[in-house]
Amino acid sequence: MEELKLNDFLSYRFLSQVQYAPGGKRAAFAVSNSCPEENSYESRLYLWENGAVRQLTDLGKESRFVWEDETHLLFPAVRSKKEIKRAEQQDPFTAFYRLDIGGGEALPAFTAPFCVEQLKPLGEGRFLATGSIDALCPDLYAMGEEDRRKALEAKNADKDYEVLDEIPFWSNGGGFVNKSRTALFLLSDGKWARITPPHFNVDSFTVLNDKIYFSGDAYTAKPSLLSQLWVADGKTGQVRCLTDCSGLAIQNLTQAGGKILVIGSRMENHGLNENAQVFVMDPETGDLRLLRAENESMYSSVGSDCRLGGGESFGSFGGSLYHITTRWGNSHLYRLDPDGTSTPVLEKEGSIDCISVDESTGAVLMAAMFDQKLQELYLLEPATGEVTRQTFLNEDCLKDKYVAAPRRMVIRSCGLDIEGWVLEPKDYDSGKRYPGVLDIHGGPKTVYGSVFYHEMQLWANRGYFVFFCNPMGSDGRGNDFMDIRGAYGRTDYQNIMDFTDAVLKAYPQIDPARVAVTGGSYGGFMTNWIIGHTDRFACAASQRSISNWLSFYGASDIGYLFAEDQCGGNVFDSPEKMWEHSPLRYAGNVKTPTLFIHSDEDYRCPMAEGLQMYTALVHRGIPARLCCFHGENHELSRSGKPQHRVRRLQEITDWIEKYTKE
């Protein structure tokens, strides 16, 4: 078997946005790949029909689309000279092109005078769209050419400074978002009309019987955690508020069997991360009836660094809601029936990343990672339950390469069953000694599983045992297991240490003096915590971490919510509680050489979090290194620029090898 190389991920393809066409005879999806020469990504649209797959577009810039009807796709693009000029002038607009899947070039369809986020055809030439607006200039989209030019020039004149008068003032991946709102627009008779108030932010929407139902909140200084439900006439655009939802934070609006389903959480027992419940909404009054008090998440949180782009987690057939759910270290497909019964549809080991359900037959297309392979398209036949692979886009990427099979281990720690896995090194010889890497996931409400993870497989190919687990705080085990509010660094830390001990006992070939620890986000927090509480690791690599909950509170895009919720304290009345759970407090104990990885546009775990730990270590004479990536954010390891991802993984690998290789 050949060795998997660090740069091999540059050849991987990533599937997303799987969507059946109306009628279910065909489907389309997006395929993305790295373009290292331009340090960017390319994306193209593909068609699936009768089990065959063919490419539809080839400019490398087509990543989003909607079906207009059974044979036509609409997708945003910048192609004409006029569009290119507008884009260079940072004039907000979205030009849509229409593609006949039967053949021919994509032709201009229409242009929205704002940046479209989602588009939904309503029939008869009408469209519904969500788009970004500036609440201080909410009618820019409706201005004439001269007034629009003046407004954009005035905005451009202020580009060298920001005025903040609300929170959150920035968003990871979105930059400064002060006064930015997601608005709802209606295209009718060739004219766009904004149907939500200037300060209203739309969270989710669905359409039923020519009525548009949407949720969100209007605010001027700080958004509410709770949502309101509104309804708009799909022809006139007239809106009215249905209900304030009585303390419900809505995560999604969807429908099944002609009924509107509201998916949301009251956050009463488990805080911000509490799993959502499912309600049936009365379309006239907005009254909610609990359908199922779900204890598990209704999406996939299985980690991997081999995805790019998103897709739907929900679909419907025969009055039932089909949804992805995370269970232990896998994501499965479940069905929620009208009587509230939840039934597994597909429980295959791996990760289902997005789905589309044929509403006429119940067949399910999915982008998934099964059998230690990269993403491919799979078809689930409803009659037999048989799953068949439909694409082989990544078939050659791992051909003849060593891919370590994850060996599952379940241990007892603090009265809990803790699930984890071990990857054996390439050319493993039980008579030899090996170094090891402990990898800790983010979240904390996510999971590691048995799916392909490039960086872990790289280290296994470099001669390391790699091991990872899902401590308390992880997803997939219900609300009680997920909830570590006010207890960060306690049970979760002990679970990870106990798992490490169990791995070293099961594999005496691992040299305990040559084990490294790494992790990102919550995994970075835990790496910082670990080095302040033990010196058992030869080195550490802390990525996009949290080190100080007090500073995180005021700087992170979610800090003012997440810090108080997760720490069980606040900066005003109980700062000592937040400091108690801050790794920086224990930095005086650190003896472990540590690499810090951060990005200067990471507004989720701002760069200052890494700088504080780095400064504390260097000040005390502990070997430390900090690598800062310009122009990257919290998603560096998953969707950062290809060359930056190569450099990041090289930095971590070099650091680990420096301290663990004999």
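**Exercise 1. Determine what phi Gly568 takes just after H8, and work out how far helix H8 is enclosed.**

Solution. In this predicted model, Gly568 follows directly on the end of H8 and takes a positive phi of about 70°. Stepping back into the helix itself, which spans residues 559-567, one finds that seven of its nine residues are buried, so H8 is largely enclosed by the rest of the structure. The buried residues are Gly559, Tyr560, Phe562, Ala563, Asp565, Gln566 and Cys567. As a last step, one asks what they pack against, and the partners are helix H7 (549-555) and helix H9 (575-580).

**Exercise 2. Decide whether Glu651 is buried or exposed, and name the residues that it touches.**

Solution. Glu651 is part of helix H12, which covers residues 642-660. Its relative accessibility is 8%, and because buried means under 20%, Glu651 counts as buried. When residues up to four places away in sequence are not counted, Glu651 touches Leu595, Ile597, Arg625 and Cys627.

**Exercise 3. Find the residues with the most contacts inside the largest nonpolar core, and identify the helix that gives this core its largest share.**

Solution. The largest nonpolar core has 53 residues, and Met526, Ile530 and Trp549 are those with the most contacts inside it. Helix H5 (residues 491-506) supplies the largest share of this core, namely seven residues. Apart from this core lies another, of 42 residues, including Tyr12, Leu398, Phe629 and Leu649. Returning to Met526, and again not counting residues up to four places away in sequence, one finds that Met526 touches Ile440, Gly489, Asp492, Tyr493 and Ile496.

**Exercise 4. Establish the order of the four strands in the open sheet, and explain why one side of E1 and of E4 is left without a neighbour in the sheet.**

Solution. The order is E1-E2-E3-E4, with antiparallel pairing. Strand E1 (13-20) and strand E4 (52-55) stand at the edges and have a single partner strand each, so one side of each is left without a neighbour in the sheet. From one strand to the next, the twist averages 30°. Looking at one pairing in detail, E1 is joined to the antiparallel strand E2 (residues 26-35) by six bridges, and the bridge partner of Phe14 in E2 is Ser32.

**Exercise 5. Describe the hairpin formed by E31 and E32.**

Solution. Strand E31 (residues 407-413) and strand E32 (residues 416-423) run antiparallel and are joined by seven bridges. Within this pairing, Val410 stands opposite Glu419 in E32. Two residues lie between the strands of the hairpin, and Cys414 in the turn has a positive phi of about 55°.

Conventions. Residues numbered from 1 in each chain as written. Predicted model: local features only at pLDDT ≥ 70, side-chain atom pairs only at ≥ 80, totals over all residues. Heavy atoms only, no water. Core = buried A, V, L, I, M, F, W, Y, C linked by side-chain atoms within 4.5 Å. Buried < 20%, exposed > 50% of the residue type's maximum accessible area, 1.4 Å probe, protein only. Contact = heavy atoms within 4.5 Å. Pairing = 2+ DSSP bridges. Axes fitted to C-alpha atoms, helices over the stretch in contact; angles between N-to-C directions.
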